[in-house]
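Got the viewer open? Here's a short tour, one selection at a time.

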Amino acid sequence: MFFSFMEELRSAGISASLKEHLALLAALDADVIGQSPEEFYYLARTTLVKDEALLDRFDQVFGKVFKGIFTEYGQNPVDVPADWLKAIAEKYLSPEEMAKIEKMGSWDELMETLKKRLEEQEKRHQGGNKWVGTGGTSPYGNSGYHPEGVRIGGESKHKRAVKVWDKREFQNLDHTKELGTRNIKIAMRRLRRFARDGAVEELDIEGTINGTARQGWLDIKMRPERRNAIKVLLMLDVGGSMDPFIKLCEELFSAATSEFKNLEFFYFHNCPYEGVWKDNKRRFSERTQMWDVLHKFPHDYKVVMVGDASMSPYEITHPGGSVEHFNEESGAVWMHRITSTYPATVWLNPVPEKQWGYSQSTKIIKELVNDRMYPLTLEGLDDAMRELSRKHGH
Amino acid sequence: MRFEGTDNYVATDDLKVAVNAATKLRRPLLVKGEPGTGKTVLAQEIATALGAPLIEWNIKSTTKAHQGLYEYDAVARLRDSQLGDARVHDIKNYIKKGKLWEAFTAPQLPVLLIDEIDKADIEFPNDLLQELDRMEFFVYETQETIKAVERPIVIITSNNEKELPDAFLRRCFFHYIKFPDRTTMQAIIDVHFPGIQKMLVSKAMDIFYEVRDVPGLKKKPSTSELLDWLKLLLHEDMPLDVLQSRDPTKAIPPLHGALLKNEQDIMLFERLAFMARRPNS
C-alpha cells in the first residue's frame, strides 16, 4: 500500500523509512482516523515527517501523488461505487438503523435516489462543495450515516482538505540542509576543549581517596563534569561570487551548529564592515552593529570567517568601497579590529588554494588575517582547527 | 479514548489526529513549535481529557538519560556503611526511581511528559531509544528488568535548540504546532475569556498581529503572551477607545510589558514611535 507515495517522498528527500511506513499502516489498521482525506493527510504527515523544515516538501509530494484521486473523488460524487457505500454503511450502521433504511426501499433504490439527489445538487451548486444538504430528515444528510463514515452530508471536508496541503503553510520553514556532514564534524572535534565548570555533581574518586587517606574518615569529594567549553563565532560571506559554494557552506554551517554549543553566526557580503546580519531576507532592515559584536563576545571566542575573498581590492582598502552601501571606514580597518579583538581568527576560503595567487583581494585578506587563510577542504579545515586550538596570547 | 481538545484547550484537526495516533499506537509524540504555543499545556490537557495522571519530567542541560530510569545513590550507601545503618545491606534502599520507572509501573495508565528534550546533551535522546521503544529497562544493581505494565502515553516537547537524532525521530509521531491563525486564535480566546467584549478582542488581536509583524523583534509575542495581555487589559479595565483610537505617534501598545519581553524590542518600538512623530518634510 502507498508504495509510490513512499517512493516519491524518498526521492523528494524526506527519509521516511520502512519503520514509519509500517507505523502508518498500523495506525490505519487501528482506525485512528476516519475516512476523510484530510485526516489521512494529517496522519501521514505526523507519521512520516519529523522535521518542520520538510513539511512543505511533504505537502507538495502529497498533493502530487494524491491529486488525481482526491479531486476526482471530491468532484464527481456520482462515481462513488455503490458497493463501497454499502460496505461502509454496513460497517457503521446498527441492524436497527439498517432496517429503518430498508423501509425506505431496497439498497438499489436507495442508491439510485442518492445518485439522483447528488446529480441534482451538482447542477444547483456549481462548485459542488455541498452535495447533500445538512437537514436532519434526509437519510443522505449528515445524520443518516455514522459520523466516521464517508461524509456525504454536512460540510464537504474533501475540498477543504485539498486546500490544507495546497496552502503550503510551512513554506518558509524549508531550508535545504545537507546531510553527510560527519567528516566535517570530526574535523571540528579538534576544537573541543573540555573544561570543568558548573554544578559539582561527579564523584571525584582520586580526590576522595586522597581526602580519606589524609583525614582517616570517609571524605567525599565531588567535582563538576567535563564539558566542551569552546566558543565559536562564525561569519559567512553570502551572495554574489559565493553562490557556487552554497552547498559547501551549508554543510559547514550545519556541522558547526550541531558540534558547538556556544556558536554564534553572522553574515556579511564580500568583506565585513560596520554591520552584519543574521537573516539574509532582512539583511537591510535587521543589522547588528559590528561594534556590538566586538563588545558582546569576549576575546576567547574563536572566529571562523568563511568567504571567497574575491572582490575589487577597493572594497577592502578604501572607505566607500563597498558595493552595497557607503562604508565610512574601510574593510581593512574592520578586519583589523576583528583580528585584534579575537586573537584566534581564521579565514576559510572555498576557492581552491592554487587560484588564490591570481586574485589581488585574496592576497590582501590573507595578509589581514595574518596568513591564517585555509582552503575549505577537510585538510584545510583540519589545519584551521589546529591553528584555532593553539594557545593565543593577547 | 479519543482526544478532541478540552474545555480549556483548542486543538486543531491535525493536532487531534496526531494525538490520537500516538495514544492509540502508544508511540511517543514529539511536539515542536514556537515558544508559547501550548506544547507543555498539551500534555496536561491530554491527561485531563483521558482522565490519566500526568508525570512530568522536565529536562535541563544537566539532565542525564539514566536519571529518568533510576539513580543509585552510592554516596548515601557509603555514608550509611560508616554509620553502621542496617539499611546498607539492601541495595534497593539506595535506588531512587526515575520518572520513566514511575510511568512504567504506575497503577493507572499515565501520560508521561518529557519537557524540552532539546535542552539536554546531544546524546540524551539516543540514550533513551531502547527504553522508549520497548518500554523496558534493566537495573544492573538489582539485576531486574522493569517493564511497562501498559505502554504509557509519552509526549515529548522540543524548542528546536538541538537537532534530534534520526533513529529517535523514527520512533515518534511528530507534530509542529504552527502559530494559530486569527480564527483559531479567536477560539482560543473564547475558551480562556468567555464573555469578553468582541470589540476589545478584535482590536487587541489587530494590535497583537501588528506587533508580531514588526520586523526585527527579538522575541515575537505568542499565544500565551496574548492571553496574559488580555488578562491585564481586562484587569485594568482598559477603555475600548484607548485601543481603538491608536495614535501612530504612540507605537507602544498599552500595558506592553506583557507582550514585549526584552528591552531591545521596547526600544525598537520607541524608535518607531519617534520616526512616526517626525514631520514628513
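What percentage of the 394 residues of chain A count as buried? The figure is 30%. Keep in mind throughout that this is a predicted model.

**Stop 1: the two chains**

Colour by chain and start with chain A, which has 16 helices and nine strands. Take its contacts between residues at least 6 apart in sequence: 67% of them join residues at least 24 apart.

Now switch to chain B. Its secondary structure comes to 13 helices and nine strands, and buried residues make up 30% of its 281 residues. Among its contacts with a separation of 6 or more, 76% come from residues 24 or more positions apart.

**Stop 2: the sheet in chain B**

Select strands E2, E5, E8, E1 and E9 of chain B, in that order. You should see an open, five-stranded sheet with parallel pairing. Strand E2 (54-58) and E9 of chain B sit at the edges with a single partner strand each, so one side of each has no neighbour in the sheet. Look along the sheet and you can follow a twist that averages 20 degrees from one strand to the next.

**Stop 3: strand E8**

Zoom in on residues 153-158 of chain B, which form strand E8. How many of its six residues are buried? Six of the six are, so the strand is largely enclosed by the rest of the structure. In a regular strand, side chains alternate between the two faces of the sheet, and here you can check each face in turn. Ile153(B), Ile155(B) and Thr157(B) are on one side, Val154(B), Ile156(B) and Ser158(B) are on the other, and all of them are buried.

Next, bring in the partner strands. Strand E1 (residues 29-33) of chain B pairs with E8(B) in the parallel sense over four bridges. To find the register, select Val31(B), whose bridge partner in E8(B) is Thr157(B), and then Lys32(B), which is partnered by Ser158(B).

Strand E5 (residues 111-115) of chain B also pairs with E8(B) in the parallel sense, over four bridges. There, the residue to click is Leu113(B), with Ile155(B) as its bridge partner.

**Stop 4: helices on the sheet**

With the sheet still displayed, add H1(B). This helix packs on the sheet and touches E1, E8 and E9 of chain B, and its direction makes about 155 degrees with that of E9(B). Then add helix H2 (residues 39-50) of chain B, which touches E1, E2, E5, E8 and E9 of chain B as it packs on the sheet; its direction makes about 175 degrees with that of E5(B).

**Stop 5: the nonpolar cores**

Which residues touch the most other members of the largest nonpolar core? Leu43(A), Ala18(B), Leu29(B), Ile46(B), Ile155(B) and Ile156(B) do, in a core of 64 residues. H1(B) gives the most to this core, with six residues.

Centre on Leu29(B) for a closer look. Leaving out residues up to four places away in sequence, it touches Ala18(B), Val19(B), Ala22(B), Ile155(B), Ile156(B), Cys172(B), Phe173(B) and His175(B). A second, separate core has 41 residues, including Cys271(A), Tyr273(A), Met311(A) and Met373(A).

**Stop 6: where the chains meet**

Show both chains again and select the contact: 25 residues from chain B and 29 residues from chain A. On the chain B side, the elements that give two or more residues are helix H1 (13-25), helix H4 (74-83), helix H8 (166-170) and strand E9 (173-177). H1(B) gives the most, with eight residues. By type, this side of chain B divides into 12 nonpolar, five polar and eight charged residues.

Now isolate H1(B) with helix H2 (residues 18-29) of chain A. Their axes come within 10 Å and cross at roughly 90 degrees, so H2(A) and H1(B) are roughly perpendicular to each other. Display the side chains where they meet: Ala23(A), Ala26(A) and Ala27(A) from H2(A), and Ala21(B), Lys24(B) and Leu25(B) from H1(B). This helix contact has five nonpolar residues, no polar and one charged.

**Stop 7: two loop residues in chain A**

Go to the loop between H2 and helix H3 (37-48) of chain A and pick Asp31(A). This residue is not a glycine, yet it has a positive phi of about 55 degrees. Asp31(A) is exposed, with 11 other C-beta atoms within 10 Å.

Finish at Asn370(A), in the loop between helix H15 (360-368) and strand E9 (373-375) of chain A. Asn370(A) is not a glycine either, and its phi is positive at about 55 degrees. Buried or exposed? Asn370(A) is exposed, with 12 other C-beta atoms within 10 Å.

Notes:
Residues numbered from 1 in each chain as written. Chains lettered and ligands numbered in written order. Predicted model: local features only at pLDDT ≥ 70, side-chain atom pairs only at ≥ 80, totals over all residues. Contact = placed C-beta atoms within 7 Å. Nonpolar A, V, L, I, M, F, W, Y, C, P; charged D, E, K, R; others polar. Buried ≥ 20, exposed ≤ 12 C-beta atoms within 10 Å, placed from the backbone. Pairing = 2+ DSSP bridges. Axes fitted to C-alpha atoms, helices over the stretch in contact; angles between N-to-C directions. Core = buried A, V, L, I, M, F, W, Y, C linked by C-beta atoms within 7 Å. Parallel < 35°, antiparallel > 145°, perpendicular 65-115°, else oblique.
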